[in-house]
Amino acid sequence: MSDPFLENARSFEGRPVGPPELGADPVNQPMIRHWCEAIGDDNPIYTDPEAAARSVHGGIVAPPVMLQAWVMRGIKPRPTSGGNARDELMAMLDAAAFTSVVATDCEQEYHRYLHPGDHLSMTSTIESISEEKRTALGAGHFVTTRSDYHDQRGELVGSMRFRILKFRPAQTRTQDRPRRPRPALTQDNAFFFEGARQGRLLIQRCASCGVLRHPPHAMCSRCRSFDWDTVEASGRAALYSFVVVHYPEVPAFDYPLVVGLVELEEGTRLVTDVVGVDPSDVCIGMPLELEMVAFDDELTLPQFHPVAS
């Protein structure tokens with residue numbers, strides 16, 4: 001049976017999302033360094049010219065996952081007039097009561113490493129609109145946008161598919177509040193969540209060179225060793241960065257939700273909720289301390305609150 005609404009929505013498939021967008025700046029070392037510091041990526045091919053020169057790249061390259069960063073608008077607001085095909089599609093979904101939105105996943109494909117001086121532009125196309133799906137958040141449509149990134153010579157250097165769910169919020173009673181999402185457990189990170197369940201914040205440590213790392217992963221990025229053990233964090237930390245999430249609201253969380261990038265006294269950073277403080281009082285550098293919160297019999301997670309003055 002045909003669905004006139006879906007057919008109308010799918011008429012947007014293949015339409016470009018506005019004209020090509022040119023990155024404000026070429027690929028450059030300062031932005032690469034800032035990104036590596038924020039993420040905690042200490043691979044020398046990104047920041048050490050001598051080490052990069054000895055690598056297969058012959059010089060500094062940008063982390064591939066920075067692809068989107070080179071053409072991001074930043075804090076510059078969008079034009080207040082006009083609009084594009086995506087705006088029209090979103091308005092159509094809003095009018096059909098699919099008023100909430102959540103990003104679901106992102107896939108990136110890289111064709112070559114980027115070097116300082118490359119200047120990227122991006123073209124985006126509405127790739128697909130799914131049929132109506134029933135999800136835990138509510139019924140809705142998945143909208144996938146494909147963005148292609150070209151350098152100053154027109155060479156395709158990477159692509160990204162970004163998918164959102166435009167959904168009709170489900171009516172949830174307080175007593176039916178869903179559980180917190182479960183973490184994806186692996187052999188490398190299971191110790192972290194088991195430690196949390198025991199009330200201990202554990203940090204992965206390379207058994208060869210002693211470097212601490214988080215999030216957990218299989219191999220040491222400094223010495224390439226696969227051997228590791230753990231150390232227990234003191235629980236003292238400072239707020240390195242944060243965002244205050246107001247919308248969309250996911251039923252398992254309280255809003256406004258302060259999500260912080262917390263720098264532990266031991267030097268590693270982790271993403272966690274910042275609790276026990278009015279969002280308007282949160283500031284970079286504020287001292288924090290750990291509290292373990294058991295959300296149910298299976299899930300305990302570290303959160304941080306301000307140190308009492």
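Tutor: Two strands pair if DSSP finds at least two bridges between them; strands are DSSP runs of E with at least two residues, helices runs of H or I with at least four, both numbered from the N terminus. The model is predicted, so local features need pLDDT of at least 70, side-chain atom pairs count only at pLDDT 80 or more, and totals for chains, interfaces and linings use all residues. Residues are numbered from 1 along each chain as its sequence is written, and side-chain values use heavy atoms, with hydrogens and water left out.

Student: How many bridges join strand β7 to β8?

Tutor: Strand β7 covers residues 202–206 and runs antiparallel to β8. Within this pairing, Gln204 stands opposite Arg213 of β8. The number of bridges joining β7 to β8 is two.

Student: Which are the edge strands of the open sheet?

Tutor: The open sheet has three strands with antiparallel pairing, in the order β8-β7-β9. An edge strand here pairs on one side only. The edge strands are β8 (212–213) and β9 (228–232).

Student: Which element gives the most residues to the largest nonpolar core?

Tutor: A nonpolar core is a set of buried (under 20% relative accessible area, 1.4 Å probe, protein chains only) Ala, Val, Leu, Ile, Met, Phe, Trp, Tyr and Cys residues joined through side-chain atoms within 4.5 Å. The largest has 20 residues, and Ile32, Trp70, Leu114, Leu120 and Tyr149 have the most contacts inside it. Two or more residues come from each of α2 (29–39) and β6 (156–167). With three residues, the element that gives the most is α2.

Definitions and conventions. Buried means under 20% relative accessible area, exposed over 50%, partly exposed in between (1.4 Å probe, protein chains only).
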